[in-house]
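Trainee: I would like to go through this model with you, beginning with the ligand and its surroundings and then turning to the backbone.

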Amino acid sequence: MESQELPYVLVDCIGGRLGVYEDHLGFLKKRFHLITMKEYLENKTFLSKKIRAIYVWYHKPAITEELLQSLPNLKVVASAGVGIDHLDLKLLSSYGVKVSNTPFIVTTDTADMGMALLLASSRRLVEGHEMAVSPDTEYFPVDWLGAEVSGATLGILGMGKIGYKVAERAKAFEMKILYHNRNQRKKEEESAVGAVYCKKIDDLLRQSDFVLLAVNLTPQTHKLIGKRELELMKPTATLINISRGLIVDQDALVEALQNKVIKAAALDVTYPEPLPRDHPLLKLKNVIITPHIGSATKKTRWVMMEEMAESIEAGLAGLPVPREVLP
Ligand SMILES: O=C(O)[C@H](O)CO
């Protein structure tokens, strides 16, 4: 039967559901014999030799050394999104496994998400919505003062593709833009969005009304924003995180928000995800949290899935892997 000749690809479940969109399934099943982690564990002896690729959607399944040891014919790991902090590239490479991600397609949507969080937080959209739909709150718009966006200073930490797209959007909102990045952007790129480089993160933190995190998670950026950094920010400032929860020391953030060291936070990413239901961040009015949905639009998610399938097919055919991530 044809489906038996298709390459076996391991996928995982997220929240008890297959970590693949329903409408992607038809496309994927034409190309691959999808094996869930559960199926694999139930029939390990047979499947361990069959599986040749892993489809990592939202960091699942976790690729441990134990898993790698048990899959002798694994050739490709295709990971959704741009961040690869959940993958040990050196380890994968030592097992002869190629890795790919989908770094380009997520840029625009993730930048849109950054702006959406900035606007929602500054204009108190979530609080306002809750008040407007609540049966027992008096509707009194005089209370609902927010912070101006136009004319405010946005500090972008991490001026890669996503950070730069945020800057393009912020320019249209007439914001002043500061940025910090390992490498300064070219002069023409800076002037196209009116961005001013801050060599020192501290200078950016002191001057910004909104600080937006768009850096990759690496050992160097792990808890880059801690108590000291939060204390450098203006008491009227908002922290926006669209990269990874672990860029921020979350305990320090809770304290800073509770003690009004900064005004607010808008987070698409936390640590862990989701946060435990009794986590103090979930109780704060000056916090907006979304469930890591930076790239979650129909078109982008479809392209991500196609790109992952393309990388798996190329890798299994011994061809150069599109969007390969090297250790
Ligand atoms: O890295 C990304 O693109 C997303 O956050 C998914 O991990």
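Trainee: In which pocket does the ligand sit?

Mentor: This is a predicted model, in which local features need pLDDT of at least 70 and side-chain atom pairs count only at pLDDT 80 or more, while totals for chains, interfaces and linings use all residues. Residues are numbered from 1 along each chain as its sequence is written, and side-chain values use heavy atoms, with hydrogens and water left out. On a 1 Å grid over the protein atoms alone, a pocket is an open set of points where a 1.4 Å probe fits, with protein on both sides within 12 Å along at least five of seven lines, and a molecule sits in it if more than half of its atoms lie within 2 Å of its grid points. By that test, the ligand sits in the second largest pocket.

Trainee: Which residue has a backbone N or O atom 2.7 Å from an oxygen atom of the ligand?

Mentor: The residues around the ligand (a heavy atom within 4 Å) include Tyr 58, His 59, Gly 83, Arg 244 and His 292. Taking polar contacts as pairs of N or O atoms within 3.5 Å, polar side-chain atoms approach ligand oxygen atoms at 3.0 Å from His 59 and at 2.9 Å from Arg 244. The backbone contact at 2.7 Å comes from Gly 83.

Trainee: How much of the ligand's accessible area does the protein cover?

Mentor: Accessible areas come from the Shrake-Rupley method with a 1.4 Å probe. On its own the ligand has 230 Å² of such area, and the covered part is 92%.

Trainee: What is the phi of His 59?

Mentor: Most residues other than glycine have a negative phi. His 59 lies in the loop between E5 and H5, where helices (H or I, at least four residues) and strands (E, at least two) are DSSP runs numbered from the N terminus. Although His 59 is not a glycine, its phi is positive, at about 70 degrees.

Trainee: Which residue does a cis peptide bond join to Lys 60?

Mentor: Most peptide bonds are trans. Here omega is about 0 degrees, and the partner is found in the loop between strand E5 (51-56) and helix H5 (65-70). That partner of Lys 60 is Pro 61.

Trainee: Where is Pro 274 found?

Mentor: Pro 274 is joined to Glu 273 by a cis peptide bond with omega of about -10 degrees. Its place is the loop between strand E13 (264-267) and strand E14 (287-289).

Key: Polar contact = N/O pair within 3.5 Å; in protein donor to acceptor, adjacent residues only side chain to side chain. 1 Å grid on protein atoms, 1.4 Å probe; cavity = no way out; pocket = protein on both sides within 12 Å on 5 of 7 lines; lining within 4 Å.
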